[in-house]
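User: Please take a close look at a single part of this structure and describe it in a connected way.

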Amino acid sequence: MDLCLRPVVHRDFQRKFLFSIPNLIHHTDIPPQVLPFFFVMVNLFNGIVRPYKDYPVFWKYWMYYVNPVTWWLRGVISSVFPSVDIECASKEATHFDPPPGSTCQQYAGNFVSNIAGVGYLVNPDATEDCQYCPFANGTEYMHTLNVHDGDKWRCFGIFLAFVIINWALVYFFIYTVRVRGWSFGMGYLFGGVGVMIEGVKKVFSKKSEKEQN
């Protein structure tokens, strides 16, 4: 049931997110420039494109958690991955040879069970060309993405909160910006940016005129 609800909620979030930014900004040419930045940020800092453990500290402890896509993906992954068994192909496994007279299990069994704690030996009874697969199932892999077994409904609830807030922001900005005419300082901000851009254009246009003369 939750896998049926998640796409519906996610699509609703996308629509309302697209509506909230244009309603905040009066200038019609600004939202198309701003929205790609938001989409890049939410997709880059969701812990999947780049694993959570690899993030710089500055991004790890705030951008990852305020990103709604983080909670969406964690909920979906924790719903699907635990039921997946992983079988490594030969080229995906780590190959090594045990000492003479030992099997793969005798040589590396303790490492797999007690040190690595994940993965399995593909051929535990072999006496040469041992193969170690780093993950035995989807649960072991999703832990590397900072996704845990109990994330399914918890993350869905957090993402649903983002959706509700998004709904509220859409109507808030429609009323305050479109009806009441409030700008929240955006007019001054983008007006100043426009003045700076025009100033830069004038400088370069004068240089080009001098070169032509």
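In which helix is isoleucine 174 found, and what can be said about that helix and the aromatic pairs of the model?

Analyst: In this predicted model, isoleucine 174 belongs to helix α8, which covers residues 151–179. With a relative accessibility of 31%, isoleucine 174 is classed as partly exposed, because values between 20% and 50% fall in that class. Isoleucine 174 also contributes to a nonpolar surface patch together with Trp167, Tyr171, Tyr175 and Val179; the accessible area of the patch is about 490 Å² in total.

An unreviewed UniProt entry lists residues 155–175 and 181–200 under "transmembrane region". Over residues 155–175 the chain is 100% helix and 0% strand, with 31 Å between the end C-alpha atoms.

Turning to aromatic pairs, the whole structure contains 18 of them. One is the tilted pair of phenylalanine 45 and tyrosine 55, with 5.6 Å from centre to centre and 50° between the planes. Both residues lie in the loop between α2 (31–44) and α3 (57–60), 10 residues apart. Phenylalanine 45 is buried at 8% relative accessibility, and tyrosine 55 is buried at 4%.

Helix α8 holds another pair: tryptophan 153 and phenylalanine 156 meet edge-to-face, at 5.7 Å centre to centre and 90° between the planes. About one helical turn separates tryptophan 153 from phenylalanine 156, because the two are 3 residues apart in helix α8. Tryptophan 153 is partly exposed at 44% relative accessibility, whereas phenylalanine 156 is buried at 11%.

Definitions and conventions
Residues are numbered from 1 along each chain as its sequence is written. This is a predicted model: local features need pLDDT of at least 70, side-chain atom pairs count only at pLDDT 80 or more; totals for chains, interfaces and linings use all residues. Side-chain values use heavy atoms; hydrogens and water are left out. UniProt positions are given in the numbering used here, feature names are shortened, and annotations may be inferred rather than shown by experiment. Helices (H or I, at least four residues) and strands (E, at least two) are DSSP runs, numbered from the N terminus. Patches are made of residues with over 30% relative accessible area and no salt bridge: like charges are joined within 9 Å, nonpolar side chains (Val, Leu, Ile, Met, Phe, Trp, Tyr) within 5 Å. Accessible areas come from the Shrake-Rupley method with a 1.4 Å probe; for residues, only the protein chains shown count as cover. A salt bridge is a side-chain nitrogen of Lys or Arg within 4 Å of a carboxyl oxygen of Asp or Glu. Buried means under 20% relative accessible area, exposed over 50%, partly exposed in between (1.4 Å probe, protein chains only). Rings of Phe, Tyr and Trp (its six-membered ring) pair if their centres lie within 6.5 Å; planes under 30 degrees apart count as stacked, over 60 as edge-to-face and the rest as tilted.
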